[in-house]
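Me: I am new to this structure and would like to learn how to read it. Could you walk me through it, feature by feature?

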Amino acid sequence: VSDSESIEVGEILFEGLVKWRPGTTDVEPALAMSWRMSPDALHWTFELRRGVVFHDGTPLDADAVVGSFERVIDARHPAYVRGDDGLYWRTLLKDVRRVTAHGPGTVELEVARPYAPLLGQLAMFPIVSPAAVRRWRDDFRLHPVGTGAFAFESWDVGEQVVVKRFDRYWGARPALERIVFRVVIDARQRLVDLQSGSVDLAAAILPDEQSFVELHPDLMLHHMASHDVSYLAFNLSRAGFADRRVRRAVSHAINKEPIVKLAYQGRAIAAETPLPPGEGGYQDRKSV
């Protein structure tokens, strides 16, 4: 998946070799306790955490990690993820040439060239149960099995997803026994549900409604800087937009400050580059 709502569910069902350190874009150990890079930066070796099991009871080992990679990068794999479902990962992992198990607890990734963002991509890449993949090869999305703190319970498409606490989780025990992710498309209805108490948490409150939440005695607003970028895309197949001068003129014609003040209620900043502040590679154009 590549949409935020699905990722919110997936990231508590699945884990990667590494994970994001909370509040940062740095990585720290997850299913891999440690890793090392060869001097030529073409070989990455990961030592796996011991005693980890998937939600179906299958033990995590090097073969499970290898299988998770091969099912999206190797077209010869019997459970190869075809079409758009695997395209995202094949694009991000295009430089991964080979994944090899060295015993049950060690995995080696060979890459085609030195690639600095690799660890960040591995923090998002899910390691999945090989037994579940074999059993539900053509329908794994309806039977997701990872190693996360919560396990999949049910999914009513378009209505809700339910996950339950995984009691054999290797890390800290979650405080919640069960989480119900309800699908409420209308943002105003989400606010009504929150105010009535029918939900405990509502995401994506509209900017012009956030002041209401802040002033409400029974509600609390949590917010932090995000890495989202809102942008206007040009369809280059349309006459005119293929001309860089036209695109530049449209860009200069857009007054960003009123959009920030009115549409986002001052809770955004005007973009100067394709990357937001805090993202690796960001550089303030004013300082250039």
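Reply: Gladly! Let's begin with a pocket: helix 2 gives the most to the lining of the second largest pocket, with seven residues. Keep in mind throughout that this is a predicted model.

Me: How should I read a pocket, and how much space lies in the second largest pocket?

Reply: The general idea is that rolling a probe the size of a water molecule over the atoms shows where empty space is left. Here, the second largest pocket holds about 230 Å³ of space. It is lined by 18 residues, and those closest to its centre are Asp63, Gly67, His77, Pro130 and Arg134. Two elements, helix 2 and helix 5 (130-135), give two or more residues each to this lining.

Me: What does the secondary structure of the protein come to?

Reply: There are nine helices and nine strands. The C-alpha trace spans about 60 × 50 × 35 Å along its principal axes. Among contacts between residues at least 6 apart in sequence, 46% join residues at least 24 apart.

Me: Now for burial. Is Val53 buried or exposed?

Reply: A residue counts as buried when its relative accessible area is under 20%. Val53 has a value of 12%, so Val53 is buried. You will find Val53 in the loop between strand 4 (43-48) and helix 2 (62-73). Over the whole protein, buried residues make up 35% of the 288 residues.

Me: Which residues is Val53 in contact with, leaving aside its neighbours within four places in sequence?

Reply: Val53 is in contact with Thr58, Pro59, Leu60, Thr147, Phe166 and Arg168. You can also look at the C-alpha atoms of Val53 and Trp170: they are separated by 7.9 Å, although the two residues are 117 apart along the chain.

Me: What about the outside? Which residues make a nonpolar surface patch?

Reply: Leu232, Ile254, Ile259 and Tyr264 make a nonpolar patch of about 330 Å². Tyr264 sits in the segment after helix 9 (256-263), and Tyr264 counts as partly exposed because its relative accessibility is 31%. For the protein in total, about 18,600 Å² is exposed, and carbon and sulfur atoms supply 53% of that area.

Me: Let's turn to charges. How do I read a salt bridge, and how many are there?

Reply: Look for a side-chain nitrogen of Lys or Arg within 4 Å of a carboxyl oxygen of Asp or Glu. By this rule the count comes to 15 salt bridges. Arg21 is a good one to follow: Arg21 meets Asp26 at 3.8 Å, N to O, and Arg21 also forms a salt bridge with Glu28, with the closest N and O atoms 3.3 Å apart.

Me: Which of these residues are buried, and which are partly exposed?

Reply: Asp26, at 41% relative accessible area, is partly exposed. Arg21 is partly exposed too, at 35%, whereas Glu28 counts as buried because its value is 19%.

Me: Where do Arg36 and Glu47 lie?

Reply: The side chains of Arg36 and Glu47 meet in a salt bridge of 3.4 Å, N to O. This pair links distant parts of the chain, with Arg36 in strand 3 (residues 32-37) and Glu47 in strand 4, 11 residues apart. Arg36 is partly exposed at 49%, and Glu47 is partly exposed at 25%.

Me: Which residues do salt bridges that share partners join into one network?

Reply: That network is made of Lys19, Arg21, Asp26 and Glu28. Try finding Arg21 in the view, then trace its salt bridges to Asp26 and Glu28.

Technical notes
Residues are numbered from 1 along each chain as its sequence is written. This is a predicted model: local features need pLDDT of at least 70, side-chain atom pairs count only at pLDDT 80 or more; totals for chains, interfaces and linings use all residues. Side-chain values use heavy atoms; hydrogens and water are left out. Helices (H or I, at least four residues) and strands (E, at least two) are DSSP runs, numbered from the N terminus. Buried means under 20% relative accessible area, exposed over 50%, partly exposed in between (1.4 Å probe, protein chains only). Contact means heavy atoms within 4.5 Å. Patches are made of residues with over 30% relative accessible area and no salt bridge: like charges are joined within 9 Å, nonpolar side chains (Val, Leu, Ile, Met, Phe, Trp, Tyr) within 5 Å. Accessible areas come from the Shrake-Rupley method with a 1.4 Å probe; for residues, only the protein chains shown count as cover. On a 1 Å grid over the protein atoms alone, a cavity is a set of points where a 1.4 Å probe fits but cannot get out, and a pocket is an open set with protein on both sides within 12 Å along at least five of seven lines; lining residues have an atom within 4 Å of a point. Grid points are joined across faces, edges and corners, and a volume is the space filled by probe spheres set on the points.
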